[in-house]
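Let's take a relaxed walk through a protein structure. Have a look at the picture below, and then we'll go through it piece by piece.

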Amino acid sequence: MDRGTVGSANRGRLRVEVRTEGPSEVVTPAGELDHHTAELLRAPLEDALDQGRARLVVDCSHLEFCDSTGLNVLLGARLRAEAAGGGVHLAGMLPVVARVFEITGAEAVFSLHDSVEAALSE
């Protein structure tokens with residue numbers, strides 16, 4: 001089920017697509033995830049969790065930037081997903097985004113995968 005793109009033209013720095021793949025909700029942010037755009041990712045993650053979809057795969061292959069606000073959105077989703085018996089799987093991170101996770105130590109609390117396919121097959 002494809003629910004399209006979340007966001008608006010005036011916040012064009014981030015687009016988020018959501019689709020369901022078996023037991024997983026695949027969320028694909030594209031662009032820059034920061035203080036100004038974080039809500040565009042938070043909303044679909046929370047919607048999925050509110051609907052009982054606790055296994056979230058975030059396709060980071062089109063994410064060009066992530067600051068601490070974006071990181072906090074993902075950490076918050078991870079806590080909620082784990083409390084519901086699921087988790088957050090990050091896939092296909094570009095080096096510039098992976099560096100933020102490495103520097104902060106956040107890479108240790110997420111399941112990291114080379115691709116969405118790898119995340120879905122785990």
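Is R53 buried, partly exposed or exposed? R53 has a relative accessible area of 22%, so it counts as partly exposed. Before we go further, keep in mind that this is a predicted model.

**Three residues to find**

You'll spot R53 in the loop between α1 and β4. Setting aside neighbours within four places in sequence, R53 is in contact with T20, G22, P23, S24, E25 and A48. Its C-alpha atom is 11 Å from that of E82, and the two residues are 29 places apart along the chain.

Now try E21, which sits in strand β2. E21 is partly exposed because its relative accessibility is 33%. Not counting residues up to four places away in sequence, E21 touches V26 and L120.

The third one, L75, belongs to helix α2. With a relative accessible area of 23%, L75 is partly exposed. Again leaving out residues up to four places away in sequence, L75 touches V109 and F110.

Here is how each of these residues relates to a partner elsewhere in the chain:

| Pair | Separation in sequence | C-alpha to C-alpha distance |
|---|---|---|
| E21 and V57 | 36 residues | 9.4 Å |
| R53 and E82 | 29 residues | 11 Å |
| L75 and V88 | 13 residues | 8.7 Å |

**Two helices side by side**

Two packed helices are described by the angle between their axes and the distance between the axes. Look at helix α1 (residues 38-50) and helix α2 (residues 68-83): their axes come within 9 Å and cross at roughly 5 degrees. That makes α1 roughly parallel to α2, because angles under 35 degrees count that way.

Which residues of α1 and α2 make the contact? On the α1 side they are A38, L41, R42, L45, E46, L49 and D50, and on the α2 side T69, V73, L74, A77, R80 and A81. Sort the residues of this contact by type and you get 8 nonpolar, 1 polar and 4 charged.

**Into the core**

In soluble globular proteins, nonpolar side chains tend to be buried together. Here the largest nonpolar core has 28 residues, and L41, L45, L74, V88, L90 and F101 touch the most other members. Several elements give two or more residues to this core: β2 (14-21), β3 (24-33), α1, β4 (55-59), β5 (63-66), α2, β6 (87-91) and α3 (95-104). Helix α1 gives the most, with 6 residues.

L41 is a handy one to click on. Leaving aside neighbours within four places in sequence, L41 is in contact with L14, V16, V27, P29, L33, V73 and L74. Apart from the largest core lies another core, of 5 residues, among them V26, V57, A91 and V116.

**A pair of rings**

How many aromatic pairs does a search of the whole structure find? The search turns up 1. The pair is formed by F101 and F110, with 5.8 Å from centre to centre and 70 degrees between the planes. This pair is edge-to-face, because planes over 60 degrees apart count that way. Are F101 and F110 buried or exposed? Both F101 and F110 are buried.

Methods: Residues are numbered from 1 along each chain as its sequence is written. This is a predicted model: local features need pLDDT of at least 70, side-chain atom pairs count only at pLDDT 80 or more; totals for chains, interfaces and linings use all residues. Side-chain values use heavy atoms; hydrogens and water are left out. Axes are lines fitted to C-alpha atoms, for helices over the stretch in contact, and angles run from 0 to 180 degrees between N-to-C directions. Helices (H or I, at least four residues) and strands (E, at least two) are DSSP runs, numbered from the N terminus. Angles under 35 degrees count as roughly parallel, over 145 as roughly antiparallel, 65 to 115 as roughly perpendicular and the rest as oblique. Contact means heavy atoms within 4.5 Å. Ala, Val, Leu, Ile, Met, Phe, Trp, Tyr, Cys and Pro count as nonpolar, Asp, Glu, Lys and Arg as charged, and the others, Gly among them, as polar. A nonpolar core is a set of buried Ala, Val, Leu, Ile, Met, Phe, Trp, Tyr and Cys residues joined through side-chain atoms within 4.5 Å. Buried means under 20% relative accessible area, exposed over 50%, partly exposed in between (1.4 Å probe, protein chains only). Rings of Phe, Tyr and Trp (its six-membered ring) pair if their centres lie within 6.5 Å; planes under 30 degrees apart count as stacked, over 60 as edge-to-face and the rest as tilted.
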